[in-house]
Amino acid sequence: MNINAVAKKFDLTKDTLRYWERIGLLPEIGRNQSGYRDFKERDMNWVFYIQALRNAGMSIEALIEFVKLYREGDQTTVARKSLLMDQRQELADKAKEIKKTIKYLDFKIDHFEDHTLNYEKEKLAYEQDD
């Protein structure tokens, strides 16, 4: 599959795919007879995996470390799992904070008229001449 098709499939830019390849997040992508990138299923699995980890908030630096460890082999399994667990915890913490914020916004929306009414009363009181 060419880079245009992969970019569309994963809703990424071609520049992002080239960047990921250049910094080593993706394996070197094979080329067709015309010299254009030819993504195989394994390559697209990597694109999916890197995109999922980016969506989870993993930094490029952490991803580079993860891929480096992966390429070092099975002896790095514990370290890779630890990176994933750390990222999961960070994402869970963020989800908890988002849930808390949504709850606050729900309260503000549910009581919006009360707040507006109080503001209007305060404004009238402030603007009233004695």
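**Notebook: a patch, two buried residues and the confidence**

I started at the surface, where Phe 48, Tyr 49 and Leu 84 make a nonpolar patch of about 270 Å². For such patches I take residues with over 30% relative accessible area and no salt bridge, joining nonpolar side chains (Val, Leu, Ile, Met, Phe, Trp, Tyr) within 5 Å and like charges within 9 Å. A salt bridge puts a side-chain nitrogen of Lys or Arg within 4 Å of a carboxyl oxygen of Asp or Glu.

The model is predicted, with local features needing pLDDT of at least 70, side-chain atom pairs pLDDT 80 or more, and totals for chains, interfaces and linings using all residues. Numbering runs from 1 along each chain as its sequence is written, and side-chain values use heavy atoms, without hydrogens or water.

Next I checked confidence (pLDDT, from 0 to 100 for each residue). The protein's mean is 90; helix α6 (residues 112-127) is lowest at a mean of 66, and helix α1 (residues 3-10) highest at 98.

Then I looked up Arg 37, in the loop between α2 (14-22) and α3 (41-55). Arg 37 counts as buried because its relative accessibility is 19% (buried is under 20%, exposed over 50%, partly exposed in between, with a 1.4 Å probe and protein chains only). I found its side chain joined to that of Glu 21 by a polar contact of 2.6 Å (N or O atoms within 3.5 Å, one able to donate a hydrogen and the other to accept it; residues adjacent in sequence count only if both atoms are side-chain atoms).

Last came Thr 76, buried at 5% relative accessibility. Its side chain reaches the backbone oxygen of Leu 69 at 2.6 Å.

How values were computed. Areas by Shrake-Rupley, 256 points an atom, 1.4 Å probe, with all protein chains shown as cover. pLDDT = per-residue confidence, 0-100. Helix = DSSP H or I, 4+ residues; strand = E, 2+ residues; numbered from the N terminus.
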